[in-house]
Amino acid sequence: MAHVDDQRVARVLDTLEAQHPGAQLLVNDPWSIYYLTGFYADMFERFCGVLLARDCEPVILVNALHQLTEYDNARVAYHTDTDVVADAIAREVNPTKPLGIDTVMRSGFFMPLMERHAASEFFLGDFAVTAARTHKDATEQELMRVSSTANDAVMADAIKLVHEGVTEREIADQMLGLYRKHGCEGFSFPPIVSFGANAGDPHHEPDDTVLKRGDVVLFDIGGRRCNYCSDMTRTFFWSEPDKETARIYDIVRRANEAAEALIAPGVRMCDLDRAARNVIEDAGYGQYFTHRLGHSIGLQDHEPGDVSLVNEQVVEPGMTFSIEPGIYLPGRTGVRIEDLALVTETGVEILNDYPHDPVRLD
């Protein structure tokens, strides 16, 4: 039989009730549903949700297209394509209590619930699930390690694809096979492969650009293994780089390592961003570091929460996030070095073992 994770549900409800006593919560995000129930499916236009309330068994509301294994601690409530979804949801919701909903819930499902007065009031409640997912438990931490270990191995294989005359797209097209080779189900996100001036665009999409001497070769790649995501960026050289590119590589490396050295429980996210940004600004390239320092990661490559100048959240054990400073000179070149960090009780564990040393691939 399947099993809803009682401890995770309890953590979600504790957080919910601290702000909304007596409320119920309808979880609609598919990865949050997976986090709680072990069930994942892309619903497309159909509805799936998990209704949580104190002293009540969870109710999984799902279209009958998806026949779930019986749960030993939850009830599955099916509806069909010809049912009115709002009616199916309203039958399960307690109309006398407030209802928290997900940010991702479609208005086509939410508005009819409001029109039916299915709950005493409505509020955004997915902060409770976000808080739980932010702190990875021991099982999740090990899955994050395994996923990042696979990503290290893929990076080592990916650089072997670099040769004179190759295009970005030709390398990117081979990346899925490398992830499958190392036990991953697929990508965390489409791989970024950037040569030369294209590396000056942080989110460049691989195209038919041909590698030439003097180019940087930037790989920003990640895979999904056992449903947990990895993410890493390394920048390499094809032949000897020019002096400025070599200099900005050293600046970015020092910025990355300055932030990582500071990670520990009690430090604020904004302080991590500031530590890296100071290195880049002091070197005169502040205007070319155009994004936040990092993002949270787990079941999704980008989860709620970030490492930025405006986030005063305190770092806590179990959090996983990226550290990825970069310098981007539009139309010329770019460098980014990214690792994933797992916060421990006493400091940090960097999940990537792949080195930061400058490397020529020719």
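Where in the protein is the place of D301? I will start with that residue and work outwards. One caution before that: this is a predicted model.

D301 sits in the loop that runs between β13, residues 294–296, and β14. Is D301 buried or exposed? With a relative accessible area of 9%, D301 falls under the 20% limit, so it counts as buried. Its contacts, with neighbours up to four places along the sequence set aside, are S188, F189, C229, S230, D231, H295 and S296. There is also G223 to consider. Along the chain, D301 and G223 are 78 residues apart, yet 9.2 Å separates their C-alpha atoms.

G223 takes us to a sheet. G223 is in β10, where it is the bridge partner of F187. Strand β10 covers residues 223–225, and it pairs with β7 in the antiparallel sense over two bridges. In what order do the three strands of this open sheet come? The order is β7-β10-β11, and the pairing is antiparallel. β7, residues 186–187, and β11, residues 228–229, stand at the edges with a single partner strand each, so each has one side without a neighbour in the sheet.

Between β10 and β11 there is a loop, and C226 lies in it. C226 is not a glycine, but its phi is positive, at about 50°. Its relative accessible area is 41%, so C226 is partly exposed.

A second residue has a backbone angle of that kind. F44 is not a glycine either, and its phi is positive at about 55°. You will find F44 in the loop between α2, residues 30–37, and β2, residues 48–52. Is F44 buried or exposed? F44 has a relative accessible area of 69%, and the cut-off for exposed is over 50%, so F44 is exposed.

F44 also brings us to the pockets. It is one of the residues nearest the centre of the second largest pocket, along with N28, P30, M43 and R46. That pocket holds about 200 Å³ of space and has 13 lining residues. What does the lining consist of? Nine of the residues are nonpolar, one is polar and three are charged.

Now the largest pocket. About 410 Å³ of space lies in it. Its lining has 21 residues, and those nearest the centre are I192, P202, H203, D220 and H302. The lining splits into seven nonpolar, six polar and eight charged residues.

Next, enclosed space. A probe the size of a water molecule, rolled over the atoms, shows where empty space is left. How many cavities of 30 Å³ or more are there? The count is one. The largest cavity has a volume of about 50 Å³. Its lining is made of T130, R133, T134, K136, S296, E303 and P304. S296 has come up before, as one of the contacts of D301. Two elements, α5 at residues 127–134 and β14 at residues 303–307, supply at least two lining residues each. Which of them gives the largest share? That is α5, with three residues. By type, the lining has one nonpolar, three polar and three charged residues.

One more residue, this time in a helix. E140 is part of α6, which covers residues 138–158. Its relative accessibility is 2%, so E140 counts as buried. Leaving out residues up to four places away in sequence, E140 touches R8, Y35, H135 and Y228. Y228 belongs to β11, the edge strand I described earlier, which covers 228–229.

Last, the protein as a whole. Its secondary structure comes to 10 helices and 19 strands. Along the principal axes, the C-alpha trace spans about 70 × 40 × 35 Å. Does the radius of gyration agree with a compact globule, or disagree? For 362 residues, a compact globule would have a radius near 21 Å, and the protein has 23 Å, which agrees. Buried residues make up 55% of the 362. Of the contacts between residues at least 6 apart in sequence, 67% join residues at least 24 apart. The pair of D301 and S188 is one contact to look up in the structure.

Methods
Residues are numbered from 1 along each chain as its sequence is written. This is a predicted model: local features need pLDDT of at least 70, side-chain atom pairs count only at pLDDT 80 or more; totals for chains, interfaces and linings use all residues. Side-chain values use heavy atoms; hydrogens and water are left out. On a 1 Å grid over the protein atoms alone, a cavity is a set of points where a 1.4 Å probe fits but cannot get out, and a pocket is an open set with protein on both sides within 12 Å along at least five of seven lines; lining residues have an atom within 4 Å of a point. Grid points are joined across faces, edges and corners, and a volume is the space filled by probe spheres set on the points. Ala, Val, Leu, Ile, Met, Phe, Trp, Tyr, Cys and Pro count as nonpolar, Asp, Glu, Lys and Arg as charged, and the others, Gly among them, as polar. Two strands pair if DSSP finds at least two bridges between them. Helices (H or I, at least four residues) and strands (E, at least two) are DSSP runs, numbered from the N terminus. Buried means under 20% relative accessible area, exposed over 50%, partly exposed in between (1.4 Å probe, protein chains only). Contact means heavy atoms within 4.5 Å. The radius of gyration is taken over C-alpha atoms; the globule rule is 2.2 Å times the number of residues to the power 0.38.
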